[in-house]
Amino acid sequence: MTPSVMPEAARKPSSGFDLKLYGPFLALAALIVLGTIVNPVFLSPGNIGNVLTRTAFIGIIAVGATFVITAGGIDLSVGSLAAFASGVMIVVMNALVGSMGAGLPVILIGVLVALGLGLAAGLVNGLLVTKGRMEAFIVTLGTMGIFRSLVTYIADGGTLSLNSEIRTIYRPVYYGGVFGISYPILAFAVVALIGALIMYRTRFGRYCAAIGSSEDVARYSAINVDRVKLLAFVLQGICVAIAVVIYVPRLGSASATTGLLWELEAIAAVIIGGTMLKGGYGRIWGTVVGAVMLTLIDNILNLTGAISVYLNGTIQGVIIIVAVLLQRGTVARR
Amino acid sequence: MTPSVMPEAARKPSSGFDLKLYGPFLALAALIVLGTIVNPVFLSPGNIGNVLTRTAFIGIIAVGATFVITAGGIDLSVGSLAAFASGVMIVVMNALVGSMGAGLPVILIGVLVALGLGLAAGLVNGLLVTKGRMEAFIVTLGTMGIFRSLVTYIADGGTLSLNSEIRTIYRPVYYGGVFGISYPILAFAVVALIGALIMYRTRFGRYCAAIGSSEDVARYSAINVDRVKLLAFVLQGICVAIAVVIYVPRLGSASATTGLLWELEAIAAVIIGGTMLKGGYGRIWGTVVGAVMLTLIDNILNLTGAISVYLNGTIQGVIIIVAVLLQRGTVARR
Amino acid sequence: QQKIKMGVSIPAATHGWAGGLNWHAQQAEKRLEKQYPNLDVVIVTARDVGRQANDLEDLVSVQRIDALVILPFESAPMTDPVRAVKQAGKFVTVVDRGLTDPSIQDLYVAGNNPQMGEVSARFMKEKMGGKGDIVVLRGIPTVIDNQRVDAFMKEIEGTQIKVLGMQYANWNRDDGFKVMQDFLSRFPKIDAVWAQDDDIALGVIEAVKQAGREKEMFILGGAGMKDMIKRVMDKDVLVPADVLYPPAMIAEAMEITARHLVEKAPIQKEYIIEATLVTPENAAKYYYPDSPF
Amino acid sequence: MAEPLLAAFGVTKSFGPVEVLHGVDFTVRHGEVHALVGENGAGKSTLMKILSGFHQPTSGAVRVDGRPVSFSGIGAAEAAGVVLIHQEFNLAEHLTVEENIFLGRELRRGPFLDKRAMRERSRAVLAELECPVDPRARVRDLAVSERQMVEIAKAMSREVRVLIMDEPTAVLTGTESAVLFGLIRRLREQGVGIVYTSHKLDEVRAITDRVTVLRDGHHIATRPTAELTEDGIAQLMVGRAISDLFPAKTPPAPDAPMVLEARGIDVPGWVRGAGFDLRRGEILGFAGLIGAGRTELAEGLLGLRRRTAGTLFRNGEPLRVRRLEDAVAAGIAYLTEDRKGKGLLLAKGLQPNLTLLALDRYGRVFVDERREAAALERAVTEFDIRVRTLDVPVGSLSGGNQQKLLLAKTMQVDPEILIVDEPTRGIDIGTKQQIYQFLHEFARRGGSVMLISSEMPEIIGLSHRVVVMRSGVVTGILEGDEVEEGEIVRYATGLKGFTSKGDAHDAVGHA
Ligand SMILES: Nc1ncnc2c1ncn2[C@@H]1O[C@H](COP(=O)(O)OP(=O)(O)OP(=O)(O)O)[C@@H](O)[C@H]1O
Ligand SMILES: Nc1ncnc2c1ncn2[C@@H]1O[C@H](COP(=O)(O)OP(=O)(O)OP(=O)(O)O)[C@@H](O)[C@H]1O
Ligand SMILES: [Mg+2]
Ligand SMILES: [Mg+2]
């Protein structure tokens with residue numbers, strides 16, 4: 001007797017176009033159309049360049065957040081960490097100018113300091129979550145407050161400004177570029193690419209998804225769950241540090257307000273991109289699109305004068321909901 | 001942490017003391033001891049009364065949040081909703097004074113308006129989550145922006161102030177009380193009690209936990225998953241409205257900054273109280289304790305003048321982490 | 001000997017100006033506690049109105065203060081909580097943002113928000129010869145912001161100055177930068193920017209520089225941040241002036257109050273700090289290189 | 001004689017204060033299939049988990065090739081070639097089949113995953129198991145039998161020296177089981193040691209070399225299989241002789257009214273135009289091969305799946321079922337085949353699980369916990385749920401006891417019509433007899449049963465009539481003498497029946 005094998009088509013009832021998969025990209029396209037209608041300047045290379053360059057910080061942070069969220073965690077501390085790392089980086093560079101003179105070495109040390117801090121902060125968050133067996137939400141809520149208040153402390157409540165000589169040397173990292181593409185965009189692209197490689201092509205990425213799907217299954221598959229989660233937080237910390245490295249040359253300053261609510265934006269970018277908040281399924285390219293969408297919404301609002309500024313938030317909210325609602329089309333019809 | 005699918009019996013040392021269960025209460029006790037050491041005035045009835053009265057808003061909102069989170073959702077819009085409902089309530093009452101004169105009827109209508117708004121907002125959030133099949137995070141992120149910008153709009157960017165005659169009549173709702181217990185404390189107690197009854201003693205509470213544990217199992221147990229989730233959001237909306245009803249007489253005004261970050265505090269209270277962010281397990285009394293703890297931390301910081309104000313956030317963060325770390329003691333030792 | 005306790009309640013350092021405020025308050029605390037050994041200053045900071053009301057309760061009930069110096073987060077909602085402090089028999093100094101019931105305060109030290117808008121507008125009118133296209137970057141939606149903007153708009157009424165666009169930039173450099181970038185894309189010609197606040201102005205400057213349109217416009221901020229004063233002093237064409245709204249007013253208020261408490265020095269009821277226009281001529285007078293703000 | 005491949009000496013295991021294994025000895029030799037049998041809750045799964053490093057024994061030792069080992073984790077056991085196929089699925093739901101198969105030991109080229117190689121290997125293993133699952137499908141979207149095949153594929157893709165299988169056939173159909181047995185024989189020839197647990201004693205008889213019987217955590221006996229009969233094994237397990245497994249059939253009265261009629265049911269992708277009648281006091285069997293669509297038909301009827309066409313009549317009246325609640329209100333209860341995913345909340349206790357379906361019967365406003373507790377006491381006795389304390393999470397119950405609890409949960413609504421999907425999955429032979437008796441009694445007292453089962457004896461032994469499905473279409477309804485294996489298979493495989501093969505495929509491809 002032969003086992004009856006059913007045609008493959010039966011297997012995937014939603015044959016044809018998978019709206020859920022391409023949803024974020026469609027929503028992005030819709031937003032671009034909207035922008036063009038609102039103001040033709042929208043499509044000018046200058047504006048697109050600005051928008052993408054601006055997206056870089058949140059985008060890079062959100063790439064890291066994709067791993068944490070995929071692994072079933074959450075990191076609320078990224079915005080504060082960005083402020084803290086920026087602050088320390090500035091203080092260190094300013095302090096070194098005296099002895100080393102303004103030059104590339106000082107900046108390199110600054111960059112290393114930022115990366116070191118990002119790594120350390122990721123370790124702290126990760127260890128508290130894994131060894132301390134605490135909810136990531138609480139741990140990072142705590143460290144969010146801690147980093148934010150530390151930067152306020154070192155800035156004496158005010159603003160830390162980068163020494164102007166260093167600033168001059170460092171400035172092109174934000175404002176410069178090659179072939180008309182700014183360095184932040186390049187950095188974002190590289191981080192996203194590496195992130196995608198890690199997420200889709202390495203064991204680590206797969207383990208994040210497995211852990212987010214079920215910690216027990218992961219543990220039973222001989223995966224060192226604690227180490228993977230720890231690494232996800234460290235990766236997040238490093239992403240924040242990279243964002244800081246391109247953020248500092250932009251305004252050359254850090255204060256208690258730097259990076260405020262970036263965590264919310266980063267998480268929103270991740271979720272809009274189609275990653276599940278509960279973990280188990282992460283999409284780097286979705287995240288990239290999500291981050292770009294968030295900046296675009298602001299940009300479009302700034303490009304039109306038709307709406308009362310008071311209502312910006314309403315438009316933003318409605319666009320986010322509609323964009324996500326559209327991409328969930330298939331699921332609703334299930 | 002996800003519930004281990006097959007929890008080792010060791011998880012539950014049937015002999016002796018369950019630290020995880022009593023953790024929040026122990027942490028609260030520790031905080032009280034700390035407060036008393038810092039400043040003996042801490043234990044004065046006046047101070048305790050103040051602290052509890054203040055806790056009432058966040059506490060009442062957090063009781064609602066416990067249901068949403070237990071059912072596997074999240075509501076980021078509560079703070080904005082509080083601002084919006086306060087604003088509309090004030091506008092309506094001010095408008096009615098002209099025709100109805102300042103009196104109880106006007107206040108009653110105001111209260112009804114707030115409750116109606118809370119209910120409607122809960123419905124909107126809930127319907128988008130259930131019928132729209134969207135992540136609660138995104139839906140409520142959207143409505144958060146919408147409510148916040150609507151209140152900015154009706155306040156014309158400024159502050160909405162309650163008519164002073166009504167204010168005088170309404171004021172005792174915050175400042176008055178019976179037997180030395182303020183009305184907000186009473187309201188908080190009543191809401192918590194009802195919340196606990198609903199959570200622990202009714203079908204709805206069970207269903208929330210079941211849905212948070214597994215939507216599939218809930219669906220196969222003939223539970224109307226969508227309705228229960230919808231109701232959880234509605235309950236949250238009503239809790240926000242109740243908080244608004246006792247908040248408005250306190251300061252008699254609403255503006256774009258009213259209720260800022262309350263969502264974070266409410267969620268933090270819930271999680272500190274031992275409810276799991278992933279859903280499936282909710283603890284109303286834990287939430288109450290969590291909310292009180294958050295207020296206590298602020299209060300204790302105000303009791304001592306010893307620390308640089310810039311470091312408040314650090315101390316807060318450390319206390320939150322340590323408190324939760326302590327209560328997770330057993331789990332860590334597992 | 002019983003110590004005299006002075007409570008100081010201010011908003012937390014959530015934007016540049018408030019940061020300056022915090023710094024000046026702490027400097028004043030150190031100075032005054034040294035100067036008056038029997039004076040104890042307690043500073044509390046709050047992130048929102050509700051918390052500031054909480055702080056007042058704590059200052060009275062547990063810190064048992066004798067006097068309160070407060071910079072209210074917002075005027076209307078803080079009126080009642082401050083009234084309660086007054087009713088508890090404390091001396092009350094209100095800074096910057098007047099309560100809706102001025103009879104509560106014993107002393108009022110303030111900048112002048114409407115005047116700040118006015119002075120800014122007057123300067124722009126003059127500098128632009130009464131005509132041109134400007135963009136306005138606002139702060140955070142609050143009464144202060146409204147007062148400044150309303151006064152500004154009233155002052156330019158009837159001139160040929162046209163406000164092309166207006167957006168909130170939340171008294172924040174990053175937001176100033178972003179909004180200005182988009183304004184620059186949107187408007188091919190901008191003659192001036194009213195940024196209202198020095199933090200916003202700094203973001204705006206970077207955006208303008210990036211677009212290479214420094215020659216086209218000038219930028220007017222406000223507050224008196226040292227970087228901006230320095231630019232004015234150095235005759236930066238992009239930043240021809242600044243309008244004072246010094247966070248140091250908190251220190252002044254604390255000093256007057258302390259002197260009154262300890263030495264029983266007589267006081268005026270009101271000290272209003274003018275919204276002075278800072279120009280290259282007088283800039284040196286307002287330059288504090290040591291302040292973090 | 002050569003050292004045994006894997007051996008356990010005097011192994012005890014306690015969970016908290018409760019000892020569930022009491023000094024058990026167990027060995028596996030090269031190239032032998034060693035059966036581990038016992039009643040539900042006897043400790044089989046626990047012993048297997050200890051052998052494979054998932055649990056640490058409380059005392060006693062485990063040796064591989066005579067060397068004592070302490071598997072500090074699953075990794076160490078796997079490195080030694082000891083692989084466990086779980087009774088409860090151990091798959092990450094959001095991941096794809098191939099990702100699960102290689103989870104924890106992915107193939108790599110340099111730092112990157114070698115996806116192509118893994119996909120090919122997955123395909124190959126699945127093909128060897130004759131399992132038509134696409135390696136790219138997400139586990140979440142698979143049926144339980146497919147998940148089980150993926151579990152087996154996962155184990156097969158490793159370097160195995162000892163393969164431990166915990167009730168692998170519980171959720172498999174006959175065909176799939178046959179494939180598995182072929183595989184087991186091949187592995188045995190290669191010298192792999194196999195530990196095998198099943199409640200299907202015919203399988204035990206057919207493919208194992210030795211049998212070890214556990215009862216209440218005690219080692220009862222280890223014998224060559226050849227020395228034992230099925231009844232003999234059953235007797236060692238249960239401690240008493242098992243008489244007739246199936247009670248004598250009591251057919252419904254000839255004039256018994258129709259309680260449920262289904263006409264033209266379409267479940268897109270799965271079922272087309274299915275119809276049947278169910279009478280009062282009748283047990284209606286549903287037979288078919290994998291993919292026949294019986295589960296989907298039931299779920300479509302009950303509003304658990306989207307149904308595009310079809311009408312239902314309850315006692316002759318049209319019945320609208322849009323969601324499961326409607327069905328329950330009409331006196332219809334459903335026992336799912338997916339105990340873990342859809343049946344029970346594993347992290348919660350017995351009591352909330354038992355009453356979840358029928359909570360409205362425990363008080364109007366407030367849930368009466370005392371009545372719940374009483375109900376639990378009753379259910380534990382009535383369904384013989386073996387658990388030492390009642391306040392443990394359901395996840396710590398043995399598989400069979402979970403199944404009994406699920407049946408008890410389903411019965412909480414006092415249904416008139418019971419739709420049971422694989423009701424005796426993972427149930428030991430003694431308890432099976434009780435459940436058969438229970439279903440029989442239920443029908444005799446006027447209830448009606450839709451019995452979906454892949455166990456042919458169960459279908460034949462209990463059903464008054466049998467509906468046979470193939471590829472989503474009802475191909476025949478057998479009565480009286482027709483209810484016998486050969487006939488059912490003929491309809492199920494398309495050798496007989498009123499729908500041609502082509503149509504049947506069309507029915508499903510249509511979606
Ligand atoms: N993690 C655990 N915590 C507490 N008790 C447990 C745990 N795992 C198993 N038990 C108990 O150990 C006993 C043996 O269970 P086990 O799963 O080994 O039975 P089994 O022989 O495999 O039964 P079945 O045939 O039903 O699968 C049962 O009483 C069960 O409740
Ligand atoms: N064409 C196919 N390719 C691969 N797998 C299939 C195909 N068709 C069906 N299957 C799988 O076989 C499973 C069994 O199908 P279904 O549940 O409909 O059958 P059933 O008659 O209820 O069998 P059982 O309950 O014994 O599993 C399906 O759920 C499906 O996942
Ligand atoms: Mg078992
Ligand atoms: Mg089936």
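**An enclosed helix and a shared ligand site**

In chain C of this predicted model, helix α2 has 12 of its 13 residues buried, so the helix is largely enclosed by the rest of the structure. Buried here means under 20% relative accessible area. The list takes in charged and polar side chains as well: among the buried residues are C:Arg51, C:Asn54, C:Asp55, C:Glu57 and C:Asp58, along with C:Val49, C:Leu56 and C:Leu59.

The helix covers residues 49-61, and its length checks out: at 1.5 Å a residue it should span 18 Å, and the end C-alpha atoms sit 19 Å apart, which agrees. At the start of α2(C), a side-chain oxygen of C:Asp48 comes to within 3.2 Å of the backbone nitrogen of C:Gly50.

Then there is ligand 1. Its surroundings are made up of 21 residues, the closest being D:Lys44, D:Ser45, D:Thr46, D:Ser398 and D:Gly400. These surroundings draw on chains B and D, so the site is shared between chains. By type, the shell splits into 6 nonpolar, 11 polar and 4 charged residues. Two helices of chain D, α1 (44-51) and α14 (399-411), each put in at least two residues, with α1(D) giving the largest share at 3 residues.

As for contacts, oxygen atoms of ligand 1 are met by both backbone and side chain. A backbone N or O atom of D:Gly41 lies 2.7 Å from one such oxygen, and a polar side-chain atom of D:His199 is 2.9 Å from an oxygen of the ligand. For D:Ser396, a backbone N or O atom is 3.0 Å from a ligand oxygen. Taken alone, ligand 1 exposes 630 Å², and the protein buries 93% of that.

Conventions. Residues are numbered from 1 along each chain as its sequence is written. Chains are lettered from A and ligands numbered from 1 in the order in which they are written. This is a predicted model: local features need pLDDT of at least 70, side-chain atom pairs count only at pLDDT 80 or more; totals for chains, interfaces and linings use all residues. Side-chain values use heavy atoms; hydrogens and water are left out. A residue is near a molecule or strand if one of its heavy atoms lies within 4 Å of it. A polar contact is a pair of N or O atoms within 3.5 Å; within protein, one must be able to donate a hydrogen and the other to accept it, and residues adjacent in sequence count only if both atoms are side-chain atoms. Accessible areas come from the Shrake-Rupley method with a 1.4 Å probe; for residues, only the protein chains shown count as cover. Helices (H or I, at least four residues) and strands (E, at least two) are DSSP runs, numbered from the N terminus. The expected span of a helix is 1.5 Å times one less than its number of residues. Buried means under 20% relative accessible area, exposed over 50%, partly exposed in between (1.4 Å probe, protein chains only).
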